[in-house]
Amino acid sequence: MSSIVLNTLRREALCRFRTFIVQHRPTTVIVLREFRENAGLRHPYAEQNKHKREEFSLLEATHHDADRFGTLSPQVDEPETPDKGDLCEEEFLQRGTLRRQRFSIRQYADMIKDHLKNNRIQEAIDVVAVTMKNDRVKPTNYHFNLLIGGCSRVGYSKKAFQLYNKMKQHGLKVTGGTYTSLFNACAMSPFPGDGLKRSNQLREVMLEKGYDPNETNYNAMIKAYGRCGDLKTAFQLVDEMMSRQLPIATDTFNFLLQACISDNEHGFRHALLVWHRMHRMQVTPNRYSFNLLLRCVRDCQMGPIETMEECIEQILSNSIGNLGSNMITRSEKSVMDDLPNVRIAEPTAVQTNITKPLQSEGVPDLLSPSPHLGSLVKLGEVRKPEDRLLLLGGFAKVLSEMAKCGAEPDIRTMTELLDVIPPTYAAEKHILTTIKQLKLRCDIDFFNILIKKRSMRFDYEGAKDVLHMIEAANLEPDIVTYGVLALGCQTQDEARSLLKMMHEVDVRVNIQILGAMLRQGCARRNFRYITEILNIVKRERLMPNEQFLRHLEDFTKVCEKRDREYESKPNKKDREVFKMEYNRYRMQLDAWREHMGLHGLALDQALGIVRSHPWEQFKEPQAAGYENVKNLKLRHKKKKLHYIQKIDLDAISSGEEKNNAGTKKGLIS
């Protein structure tokens with residue numbers, strides 16, 4: 001240990017001595033020269049230097065000679081071009097001090113983590129590609145795993161695989177965490193086709209290398225294949241986990257439910273199969289499982305009626321026959337193998353006796369481990385999210401089943417339920433009362449969904465009333481709040497009022513809000529309203545998005561059709577008014593298109609211009625002064641959550657005169 005300390009002290013002393021030589025070079029040279037002369041040492045070039053000094057003294061002796069023209073001064077200026085040898089020596093001496101200034105492996109990793117936290121993807125990559133390269137420090141697989149993980153979280157799959165290839169070129173070990181991050185990159189990719197292709201290639205590489213995936217790797221693979229639309233492979237991976245006797249936990253089934261969400265046409269049926277398979281394997285659902293199931297209820301259909309009936313029959317028969325075990329039944333395995341076109345074998349003897357015991361009175365219940373159809377009359381009437389929720393037992397049954405599983409609902413659960421409950425004031429009041437009873441804290445997202453739900457059923461006054469609820473809950477509207485409020489701006493005055501409100505709170509309008517207003521103007525066929533929206537886009541220097549241009553294109557087709565009708569019927573009422581307004585609108589639209597650089601372009605060409613590649617934002621360094629960098633307190637800022645105890649629920653009318661959605665007819669007898 002003492003030798004190590006002595007060597008360290010020697011190196012530090014040597015570095016300080018070299019630094020002193022560089023800083024005091026002229027003085028040091030004189031001191032060294034005197035030291036050599038006193039010590040009797042001779043430099044190899046001492047004789048040559050001595051000869052030069054003699055010539056120099058002759059010049060100095062004769063510079064006062066009158067017979068010679070001019071004088072030769074012994075003071076010679078430094079050359080403008082420095083000597084190469086001096087530069088090399090200077091660089092060598094400085095290099096020793098630079099080595100002492102390099103960061104450690106952990107410090108480079110901390111730099112990468114800091115950039116990734118602030119979504120500075122390019123800066124994080126430059127730590128390895130530029131900084132460590134200039135410092136002549138070889139990166140480790142830990143640095144590459146950090147970068148691959150950061151790229152995977154934002155869906156930058158192309159760069160993630162480029163880093164993976166560079167990692168192999170450096171001869172670094174590829175770990176299980178590397179494979180997990182790469183499959184996550186495929187799952188989060190904005191291009192499902194590309195993500196599926198990369199997943200297949202990566203899986204082949206794992207097989208060629210003989211790598212045995214662990215539980216985490218399998219979950220990442222299920223997530224990737226499910227989100228990319230290959231449900232059959234996702235279910236086969238679960239069977240593969242069972243054959244290898246790997247534990248199948250709740251997380252695995254949650255990734256299967258995510259896979260079901262990706263199938264809009266058959267996803268609800270697949271989710272029911274996954275849910276009851278979870279029951280048979282005695283895996284307890286958690287809060288996220290219920291939230292994902294509710295998302296399936298909202299976004300996914302159940303497919304053909306005949307196939308859905310067979311699927312329900314299979315679920316009911318397995319629950320009554322007590323076939324629940326840790327293994328899959330043969331008939332169910334055939335169901336999983338044939339996804340997404342589910343087909344089930346002929347009914348067995350057990351299935352033929354299920355009608356009477358299952359036809360209990362009341363609402364159907366396909367959520368619990370002992371499901372039943374209740375008094376269901378006709379499955380063909382199930383079309384809307386609230387109908388599919390009713391198949392699960394309704395709002396109360398979902399909360400009851402969560403309590404049995406020990407899963408406490410949060411505000412995200414209530415937000416998902418708000419999206420699938422019937423569009424009535426009574427249902428909304430019921431869910432607000434439940435939030436009060438459970439003492440949950442609401443965020444602004446919940447109220448945004450409530451505003452959107454009321455706006456979509458054309459209850460614009462009720463949507464505005466939600467602003468008072470937001471104020472009572474001690475919350476503040478965000479940009480999404482104004483976006484959903486814009487869905488109810490039917491006239492120019494309402495749009496101006498909303499824009500004025502945004503200006504007072506210093507919120508800048510975006511193209512999404514103006515697109516919602518444009519949608520209302522096109523639906524009302526209000527040329528002046530549409531023209532004002534176009535002028536705002538021009539004044540605010542906003543780039544129209546794809547949906548904005550599609551609204552304009554659809555409205556143009558409607559106007560052209562109406563114009564042809566007026567041409568065929570010259571005496572039709574309001575023809576002249578329409579012609580005058582339409583011609584003025586076309587002139588202003590052409591001027592707007594020319595200003596935006598879209599004049600004379602077809603819709604596909606215009607969309608190609610306004611579309612931005614999702615990975616472009618990661619290729620450029622982040623602009624200086626970005627708020628998350630400048631203000632450290634905002635870096636980890638979370639959404640505000642507050643109780644809603646001050647909201648007056650009695651003020652929410654539950655009368656059916658305010659409901660425009662109608663009642664459920666024909667679904668329940």
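**Entry 1. Glu401**

I began with Glu401 and found this residue buried, at a relative accessible area of 3%. I placed Glu401 in helix H20, which spans residues 394–404. I then listed its contacts, leaving out residues up to four places away in sequence: Glu401 touches Phe290, Leu367, Ser368 and Pro369. I note for all entries that the model is a predicted one.

**Entry 2. The chain as a whole**

I looked up the secondary structure next and counted 32 helices and 0 strands in the chain. The chain has 669 residues, and 42% of them count as buried. I also checked how far along the sequence the contacts reach. Taking contacts between residues at least 6 apart in sequence, I found that 71% join residues at least 24 apart.

**Entry 3. Helices H23 and H24**

I turned to helix H23 (residues 444–456) and helix H24 (residues 460–472). Their axes come within 7 Å of each other and cross at roughly 165°. An angle over 145 degrees counts as roughly antiparallel, and H23 and H24 are therefore roughly antiparallel to each other. I recorded the crossing of H23 past H24 as right-handed. On the H23 side, the contact is made by Ile444, Phe447, Leu450, Ile451, Arg454 and Ser455. On the H24 side, I listed Tyr460, Gly462, Ala463, Asp465, Val466, Met469 and Ile470. I sorted the residues of this contact into 9 nonpolar, 2 polar and 2 charged.

**Entry 4. Gln520**

From Tyr460, one of the H24 residues in the contact with H23, I followed a polar contact of 3.0 Å to Gln520, side chain to side chain. Gln520 belongs to helix H27, residues 511–524. Is Gln520 buried or exposed? I found Gln520 buried, with a relative accessible area of 6%; the cut-off for this class is under 20%. Residues up to four places away in sequence aside, Gln520 touches Tyr460, Ala486, Leu487, Gly488, Cys489, Gln490 and Tyr529.

**Entry 5. Helices H9 and H11**

I examined a second helix pair, H9 (residues 176–188) and H11 (residues 215–227). Their axes are 8 Å apart and the packing angle is about 15°. That makes H9 roughly parallel to H11, as angles under 35 degrees are classed in this way. I recorded a left-handed crossing for H9 and H11. H9 contributes Gly176, Tyr179, Thr180, Phe183, Asn184, Cys186, Ala187 and Met188 to the contact. H11 contributes Thr216, Asn217, Ala220, Met221, Lys223, Ala224 and Arg227. I divided the residues of this contact into 8 nonpolar, 5 polar and 2 charged.

**Entry 6. Asp194**

I located Asp194 in helix H10, residues 192–208. Its relative accessible area is 25%, and I entered Asp194 as partly exposed. Which side chain does the side chain of Asp194 join in a polar contact of 2.8 Å? I found that of Arg198. Leaving aside neighbours within four places in sequence, Asp194 is in contact with Ser157 and Ser189. I also looked up the pair Asp194 and Cys228, which are 34 residues apart along the chain: their C-alpha atoms are separated by 8.7 Å.

**Entry 7. Asn286**

I moved on to Asn286, in the loop between helix H14 (267–280) and helix H15 (287–299). At a relative accessible area of 23%, Asn286 is partly exposed. Residues up to four places away in sequence not counted, Asn286 touches Thr250, Asn254 and Ala407. With Asn254 I found a polar contact between the two side chains, at 3.5 Å. Gly406 lies 120 residues from Asn286 along the chain, yet I read a C-alpha separation of 7.6 Å for this pair.

**Entry 8. Two loop residues with positive phi**

I closed with backbone angles. Gln245 has a phi near 60°, a positive value in a residue other than glycine. I placed Gln245 in the loop between helix H12 (231–243) and helix H13 (250–261). Gln245 counts as exposed, at 73% relative accessibility.

For Asp506, I likewise noted a phi near 60°, positive in a residue other than glycine. Asp506 sits in the loop between helix H26 (492–504) and H27. I entered Asp506 as exposed, with a relative accessible area of 72%.

Notes: Residues are numbered from 1 along each chain as its sequence is written. This is a predicted model: local features need pLDDT of at least 70, side-chain atom pairs count only at pLDDT 80 or more; totals for chains, interfaces and linings use all residues. Side-chain values use heavy atoms; hydrogens and water are left out. Axes are lines fitted to C-alpha atoms, for helices over the stretch in contact, and angles run from 0 to 180 degrees between N-to-C directions. Helices (H or I, at least four residues) and strands (E, at least two) are DSSP runs, numbered from the N terminus. Angles under 35 degrees count as roughly parallel, over 145 as roughly antiparallel, 65 to 115 as roughly perpendicular and the rest as oblique. A crossing is left-handed if the near helix is turned anticlockwise from the far one by less than a right angle, and right-handed if clockwise. Contact means heavy atoms within 4.5 Å. Ala, Val, Leu, Ile, Met, Phe, Trp, Tyr, Cys and Pro count as nonpolar, Asp, Glu, Lys and Arg as charged, and the others, Gly among them, as polar. Buried means under 20% relative accessible area, exposed over 50%, partly exposed in between (1.4 Å probe, protein chains only). A polar contact is a pair of N or O atoms within 3.5 Å; within protein, one must be able to donate a hydrogen and the other to accept it, and residues adjacent in sequence count only if both atoms are side-chain atoms.
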